Amino acid sequence: MWLSNSSVGRKFIMAITGAVLVLFLTFHCLMNAVAIAWPAAYNSVCLFLGANWYALIASAGLAAFIVVHIIYAVMLTLQNRRARGHERYAVSHRPKSVEWSSQNMLVLGIVILAFLVVHMIQFWAKMQLVEILGEHTKIPAAAGTLFLQEAFQQPWTLIVYCIGFIALWFHLNHGIWSMFQSVGWDSTVWIPRLKKIGAWWCSIVVVLFIAEAVVFTVNANRHFYLNDPELREQYKDMVVPEYEDDFGPAAVQALSSASYDDYVQMVKGQYQQMQNPQAASYFGDKYEGMINFLQHQVDFIDYLESHPAVDEEAVAPSTGVAAPSTQK
Ligand code: HEM
């Protein structure tokens, strides 16, 4: 088959899959920006993109593009090395100015892949995968901002992400313009232009990713995502529907209309009452499930309250951006 057997066909596949991945990354850094401007809206997007059929199809498609891109990258590199023998870069008519990135696309890709493995463990495995498996974990799968908290409160996360972003910049800086060349757009007028557009595009995407990672690190270390009142209300709304199975619709209604603080009182009060030996005989077979469920909810509340806000008064509720101090 032309696409897999010929060098031109393989480059064509690299270009098409690469273009899709560039578009995904552009969308991804814009979506992350929502978490800076409006963290609660970010969680709503996470809820929307959870394990619904359309999100699952998009994720499976994306995974397929990533896998094909990697397989063809390895095939092309091996083919180039076989063709050139040990003198990998001794193509005599290649200009001296040949970019460092173009010679190191595979290595850069491996660094990005390593970053991606860490990234998937920190986010995807705890969000979409948990939903697919139907598991109940301490943090609700749609609470994206709590996973930002978990990831970016680790001091090494920012370092690992910045290494990934730098590798991504070099990879895209070469990849964006060369994918046009691979599909036959080899004009001497357009290639220099495409190089400029590619450099700008990847710089904007990568700078945005770096800025986001820095803001998330600062906010996580202030424990903003645990303590912000608007986010806490939202976390409460995420778990309340789960009360239906054990406590019925009336409980869901009462808890839904309660404020976060009232919710905490009600759940902790109920948990205390359930410790009473009479509760076990009153609820019979249902008791075990109810007490386990309440224990899980109390653990979640304790988790949210485990780290008070570092500068509580300086946190503007909706944005997470420090509000001007009123103290002299
Ligand atoms: C500040 C940097 C970043 C943050 C905070 C971030 C955050 C996230 C979050 C919250 C998810 C959602 C997980 C889910 O719902 O399953 C996700 C998914 C993902 N991210 Fe990132 N991300 C960042 C950078 C990157 C970069 C640079 C790449 C690629 C090199 C990347 C690749 C992915 C992929 C492939 C997915 C899975 C998408 C899917 O399941 O459809 N992310 N990321």
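Leaving aside neighbours within four places in sequence, Q181 is in contact with D186 and I191. This glutamine belongs to helix α9, a helix that spans residues 155-182. Across a much longer stretch of sequence, Q181 and F12 are 169 residues apart, yet their C-alpha atoms are 9.3 Å apart in space. Is Q181 buried, exposed or partly exposed? With 16 other C-beta atoms within 10 Å, Q181 counts as partly exposed, because a buried residue would need 20 or more and an exposed one 12 or fewer.

All of this is read from a predicted model, so a word on confidence is helpful here. The mean pLDDT of the protein chain is 88, and 89% of the residues reach 70 or more. Among the elements of the chain, α8 has the highest mean pLDDT, at 98, whereas helix α1 (residues 2-5) has the lowest, at 66. Two stretches call for a separate mention. Over residues 317-328 the pLDDT is below 50, and this stretch has 17 contacts in the model beyond near neighbours in sequence. Residues 89-93 also stay under 50, and for them the model has two contacts beyond four places in sequence.

Turning to the chain as a whole, its secondary structure comes to 16 helices and zero strands. Of the 328 residues in the protein chain, 24% are buried. Contacts that reach far along the sequence are well represented: among those between residues at least 6 apart, 77% join residues at least 24 apart.

Helix α2 can be followed from residue 7 to residue 37. Its 31 residues reach 45 Å from the first C-alpha to the last, close to the 45 Å expected at 1.5 Å a residue. Which residues of α2 are buried? They are R10, M14, A15, T17, G18 and A35.

Helix α2 also takes part in the surroundings of the ligand, as one of the elements that give two or more residues to the shell. The others are α4 (53-84), α6 (105-122), α8 (144-152), α9 and α10 (190-221). Which element gives the most to this shell? That is α10, with four residues. The ligand has 24 residues around it, of which S59, F123, W124, M127 and Q128 come nearest. By class, the shell holds 16 nonpolar residues, seven polar ones and one charged residue.

Methods. Residues numbered from 1 in each chain as written. Predicted model: local features only at pLDDT ≥ 70, side-chain atom pairs only at ≥ 80, totals over all residues. Expected span 1.5 Å × (residues − 1). Near = placed C-beta within 6 Å. Nonpolar A, V, L, I, M, F, W, Y, C, P; charged D, E, K, R; others polar. Contact = placed C-beta atoms within 7 Å. pLDDT = per-residue confidence, 0-100.
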